[in-house]
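Welcome, and thanks for opening the viewer. Keep your selection tool at hand, and we will go from stop to stop together.

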Amino acid sequence: MSGILFLEQTLNSLQFGLMLFLLAAGLTLVFGIMDMINLAHGSLYMIGAYLMATLAEATGSFWVALPLALVATALVGAALEVSLLRRLYERDHLTQVLATFAVILIANEVVRMIWGNQSLMLNPPAGLTGPVTLPGGMQYASYRLLIIGVGAAVAVCLYLLVTRTRMGMLVRAGASNREMAVAMGVNIRRLFTIVFALGAALCALAGAMLGPILAVQVGMGENILILAFVVIVIGGIGSIRGAFVGALLVGLVDTMGRALLPIAFAKLFSPPVASNLGPSVSSILIYVLMAAVLFLRPQGLFPARG
Amino acid sequence: MLLEVRELETAYGMSQVLFGVSLDINPGEVSTLLGRNGMGKTTTVRSILGLTKAAKGSVAFRGKRIEREPPDRIARMGIALVPEGRQIFPNLSVREHLVAFAENRAGRPDPWTPERVFELFPRLEERQHNQGNQLSGGEQQMLAIGRALVTNPHLLILDEATEGLAPLVREEIWRCLARLRGGGQTILVIDKYVERLVQLADRHTIIERGRVAWRGTSAELDANRSLWHRYLGI
């Protein structure tokens, strides 16, 4: 494999991993603090992408639409939390899974009713449609570089929010021992609504940034939701640092697997077999990684509960 | 009266633990809850704090009924807990434990701050950048007390104040409680070292099988050693 292909796939891994982190960050805090399994997290990603596509069309500007889509999705997330999810905290996980699975179905149908069955087009911002030349002469899509930059910036901001602010301390306290945090006077429900709205905004950011690359369509949140769950299991439930490391690991294994395994298999098998086997095995690799982490560190790499 | 508990009845599912516990705490007083293991001391504390809801009875704090209030609101009204087992947050540093919950809930003119806690427990200052799960049991207990103090509570509750601590650390905790008492802090303490509690506290309540078996002053408890044998197994 050439060095350029390797570098390109590394950047793709980083881009995918950072977007997964945006999804996993909210999910891990919701799971960590409230012990709540929220399958509807992927629906917020879908709603964010649809709102972004619609607002970009209406305003004619990617950059104007982006903050509006984030705020709108955060409000949808807060409304969902206050109206429905809050009633599920004290229920068992099976009830939570069933109820939030229902939210996925309802969200998909509502999106279909509003936007129809057709995928929506979301164009990258003006000036970021072509490739740029990186040091070493490699050509790489400028928009993908933007995704990496935005993802890295948000990761740094989240890190600072969680590690340097009082709210971040309370979130970590709640994630590690909810009852004690409550006994210390933390209004965990209000904190949870804020965390949930923030998680929804991060979903919208991922949906908005990936919209120009992937199709904005009904059900787009389901596949990526499974990956986000894999990420938080690997990283440790309730841990932002774990979500970050887990997302980069999953992004790296998934992207590199898809790029490199077909090349490796081509040396062993006939081209049709190799091209079929590569993606199949690479998609298994993520779960092999998760199984290995669960075997060696059942609490994940950076468990919030210590 | 700072705290008035009346006829508290609390159950865990079908298993009733408290059968009409009543308790009064005056401002500035140090009170104790005594009794053998499993008699309902921790459940009484949890019921006062709203962590386990009482089925019957009432709890009034500073004249306001609180038995139906959520536990976070009760805490913000000015009751702080040093829980059994310390319950230190493993993923917060020592300093973060003190900064995150610092608030002058009682409106003191000279509030407890992280720096004042470091003066009280210099060992915590040395370890201020360590995570909660990197501390010894004694350091965790000091931190649990510091974490409660920085909320500047009207009432400080310690559940098993010195349980599992080395003798020297235990002495440090007793010295700390005596100092807090001298500063006028109202305290409710649960512990097994009755001799120390007799020296420290004003009034005592013995709980036996979920009911108040005896209540009285330190002088009365000190004078009646049959109580120690009958209810405390000493």
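Which strands and which helix of chain B make a right-handed β-α-β unit? Keep that in mind while you get your bearings: what you see is a predicted model.

**Stop one: the unit.** Select residues 155-159, 167-182 and 186-190 of chain B. These are strand β7(B), helix α7 and strand β8(B), and together they form the right-handed β-α-β unit. The two strands run parallel and are joined by five bridges. To see one pairing up close, pick B:Ile157 and look for B:Leu188 in β8(B), which stands opposite.

**Stop two: strand β7(B).** Now keep just residues 155-159 of chain B. Are the residues of this strand mostly covered or open? Mostly covered: five of its five residues are buried. Turn the view to check each face. On one side you will find B:Leu155, B:Ile157 and B:Asp159, and on the other B:Leu156 and B:Leu158, all of them buried.

**Stop three: the other neighbour.** Add residues 79-82 of chain B, which are strand β6. β6 pairs with β7(B) in the parallel sense, over four bridges. Click B:Ile79 and you can trace its bridge partner, B:Leu155. Then try B:Leu81, whose partner in β7(B) is B:Ile157.

**Stop four: the whole sheet.** Widen the selection to the six strands of the open sheet in chain B, which follow the order β6-β7-β8-β3-β9-β10 with mixed pairing. Which strands are at the edges? They are β6 and β10 (211-217), each pairing on one side only. Direction ignored, neighbouring strands are turned by 15° against each other on average.

**Stop five: helices on the sheet.** Bring back α7(B), which packs on the sheet and touches β3 (30-34), β7 and β8 of chain B. Its direction makes about 150° with that of β8(B). Next, show residues 137-149 of chain B: this is helix α6, lying across β6 and β7 and running at about 175° to β6(B).

**Last stop: a nonpolar core.** Move over to chain A and select A:Leu20, A:Ala24, A:Met52, A:Ala204, A:Ala228 and A:Val231. Within the largest nonpolar core, which has 173 residues, these touch the most other members. Helix α8 (residues 188-210) of chain A supplies the largest share of this core, with 17 residues. Finish by centring on A:Val231: beyond its neighbours within four places in sequence, its contacts are A:Leu20, A:Ala24, A:Ala243, A:Gly246, A:Ala247 and A:Val250.

How values were computed: Residues numbered from 1 in each chain as written. Chains lettered and ligands numbered in written order. Predicted model: local features only at pLDDT ≥ 70, side-chain atom pairs only at ≥ 80, totals over all residues. Core = buried A, V, L, I, M, F, W, Y, C linked by C-beta atoms within 7 Å. Buried ≥ 20, exposed ≤ 12 C-beta atoms within 10 Å, placed from the backbone. Contact = placed C-beta atoms within 7 Å. Pairing = 2+ DSSP bridges. Right-handed = clockwise from strand over helix to strand, strands pointing away. Axes fitted to C-alpha atoms, helices over the stretch in contact; angles between N-to-C directions.
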